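Visitor: Got a minute to walk me through this one? I'd like to start with how the chains meet.

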Amino acid sequence: MALGTTLGRVAAVKPEGARRPLVTRAALKGLALRIVPPLVVLAVFLLLWEVLCQRPGAGLPPPSRVVTEAWDIIAHPFYDNGGTDKGLFWHISASLQRVALGFTLAVIAGVMLGTLVGQSEWAMRGLDPIFQVLRTIPPLAWLPLSLAAFRDGQPSAIFVIFITSIWPIIINTAVGIRNIPQDYRNVAAVLRLNAFEFFAKVMLPSAAPYIFTGLRIGVGLSWLAIVAAEMLIGGVGIGFFIWDAWNSSHISEIIVALVYVGVIGFVLDRLVAGLGHLVTRGTATA
Amino acid sequence: MTHLSLEQVGISFTRAGRTTEVLRDVDLKIDKGEFVSLIGHSGCGKSTVLNIVAGLLKASTGGVLLDGKEVNSPGPERAVVFQNHSLLPWLTVRENVALAVDKVLRSKKSRAERREWIEHNLALVNMTHAAEKRPHEISGGMKQRVGIARALAMEPKVLLMDEPFGALDALTRAHLQDQLMEIHLRLKNTVIMITHDVDEAVLLSDRIVMMTNGPSATIGEVLSVPLARPRKRLELVEDPTYTHARAEVLEFLYARHAKPAIAA
């Protein structure tokens, strides 16, 4: 669409002179430079996969067979036959809802704890060593414990997301708070900002680039953890979908689901990065 | 009557078990509307004096009185223009001034009056045209002007300026000095300014406070500059009072209290 209009303008402007089309061509070239190499690599990869998996005795189906075998779930993401027999859209949306809930809780708690650790020397000495140990615990190791505590799959999965994504948020927020220039603190002191005003008007905006780095890492980890957690807890969700497909030997469906998981993880990352760019007005690295 | 007085102010810092006395027995009385400069070699504790008056540092001995009341914490009645402007980079020029006005004058002025006051102060430093810009989009001189507007907008009793023009080129600096003189003439603020520029000190000040070298720095000499206002920089170049004052300060800084580190 955008390409079409650009080409249209090139055609319309051409009679007037050669200057403007040149600029458009440079822009097109830039766009092509970004899009063509990944497309070429993808094509080569698919071709290689097709050739290797065409041979008799290959363990995985070639891409052509993936498309024909899994065409049902590719073409009908919205079907709903009740229970866990739903289209991919419903599975992914269930997973995203868990991530949204767990991640939101992690953001709130993480930013508050990070602020505490960044602001108070005593809190840092007390909490930092504990955080450093806890953050190395693999997400799934928390699952049995949370199942025991909550006695239900849904809150357990949300807790796993929460506990997975909170550490990078805490640590990055704390670094951001500690790096607030003394000048800003002096300005706040002269204005006699109270604790809440200082938090909202100076600390948060000043630490925002750091906080968003933490959020990006956190959202990536959440998405990693949810697929694994759902495999174990069952119910509707992309993790369960993959596990179910494996149990029914639908390898093609697994491959389609993995493509979706990858693309959505990428979109989540870009979304948080874009939000950070917007909020910090370009000072965060996107 | 004395407006602001520093009484036997001294301060020591302890680091790694070693205590260094930075200031000792700093005694100074400043009248309302007076423009006082603090001059001295770098490291002599000029900024420390200013930070104690601002309340950002606590004196170890002695204290500061403003209108007879002791100063022991920072506050908007002693507004500071920081050396590196210290504007908040995520706010526009107008929002930076508004942050101060809305906080400090919330109970004194209505919302509409505050809006008007913000615009008034931006106009005072000729920054109305760039009110929507962010600090990184404007020049160093403009940032410092916004810093001055923010400080003046707090309606301070005393304006504290920490080498406000130190980081600027000579032409911009001269321009801002002229603007500052004009503002001072109009508003009659009490100002304490730190500088290491002799011409700046003589041109702007009613009195120049010259500091000895640290450690244990104190006031070496106080020089009155009895030049009539408004002062015009071009006319003063050959004025005997001006040249005499300038010579006095230079003599103090480079003959009697030359910095040993520089001589070495």
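**The interface and beyond**

Guide: Chain B and chain A bury about 1,700 Å² between them, with 64% of it on carbon and sulfur atoms. Keep in mind that this is a predicted model.

Visitor: Which residues in chain B lose the most area to chain A?

Guide: B:Trp90, B:Leu99 and B:Lys103 do. Together they account for 35% of what the chain B side buries.

Visitor: How many residues does each chain put into the contact?

Guide: Chain B gives 24 residues and chain A gives 16 residues.

Visitor: And salt bridges across the interface, how many?

Guide: The rule finds 3 between chain B and chain A. One of them joins B:Lys103 to A:Glu197. Their closest N and O atoms are 2.9 Å apart. B:Lys103 is also among the residues of chain B that lose the most area to chain A.

Visitor: What about polar contacts, how many residue pairs between chain B and chain A?

Guide: The count is 6 residue pairs, both residues at pLDDT 80 or more.

Visitor: Which elements of chain B each supply at least two residues to the side that touches chain A?

Guide: Strand S6 (78–81) and helix H2 (93–104). H2(B) gives the most, with 4 residues.

Visitor: How does that side of chain B divide by residue type?

Guide: It has 14 nonpolar, 4 polar and 6 charged residues.

Visitor: Switching to chain A. What does UniProt say about residues 92–272?

Guide: An unreviewed UniProt entry annotates them as "domain: ABC transmembrane type-1". In the model, that stretch of chain A is 87% helix and 0% strand. Its end C-alpha atoms are 18 Å apart.

Visitor: Pick a residue in chain A. Where is A:Val227 found?

Guide: In helix H10 of chain A, residues 195–233.

Visitor: Why does A:Val227 count as buried?

Guide: Because its relative accessible area is 12%, and the cut-off for buried is under 20%.

Visitor: Which residues does A:Val227 touch, leaving out those up to four places away in sequence?

Guide: A:Ile238, A:Gly239, A:Ile242 and A:Val261. A:Val261 is 34 residues away from A:Val227 in sequence, yet the two are 8.5 Å apart in space, C-alpha to C-alpha.

Visitor: Back to chain B. Where is B:His41 found?

Guide: B:His41 is in the loop between strand S3 (35–39) and helix H1 (46–54).

Visitor: Is B:His41 buried or exposed?

Guide: Buried, because its relative accessibility is 8%.

Visitor: What lies 2.8 Å from a polar atom of the B:His41 side chain?

Guide: The backbone oxygen of B:Leu253.

Conventions:
Residues are numbered from 1 along each chain as its sequence is written. Chains are lettered from A and ligands numbered from 1 in the order in which they are written. This is a predicted model: local features need pLDDT of at least 70, side-chain atom pairs count only at pLDDT 80 or more; totals for chains, interfaces and linings use all residues. Side-chain values use heavy atoms; hydrogens and water are left out. Contact means heavy atoms within 4.5 Å. Buried area is the accessible area (1.4 Å probe) that two parts lose on being put together, summed over both. A salt bridge is a side-chain nitrogen of Lys or Arg within 4 Å of a carboxyl oxygen of Asp or Glu. A polar contact is a pair of N or O atoms within 3.5 Å; within protein, one must be able to donate a hydrogen and the other to accept it, and residues adjacent in sequence count only if both atoms are side-chain atoms. Ala, Val, Leu, Ile, Met, Phe, Trp, Tyr, Cys and Pro count as nonpolar, Asp, Glu, Lys and Arg as charged, and the others, Gly among them, as polar. UniProt positions are given in the numbering used here, feature names are shortened, and annotations may be inferred rather than shown by experiment. Buried means under 20% relative accessible area, exposed over 50%, partly exposed in between (1.4 Å probe, protein chains only).
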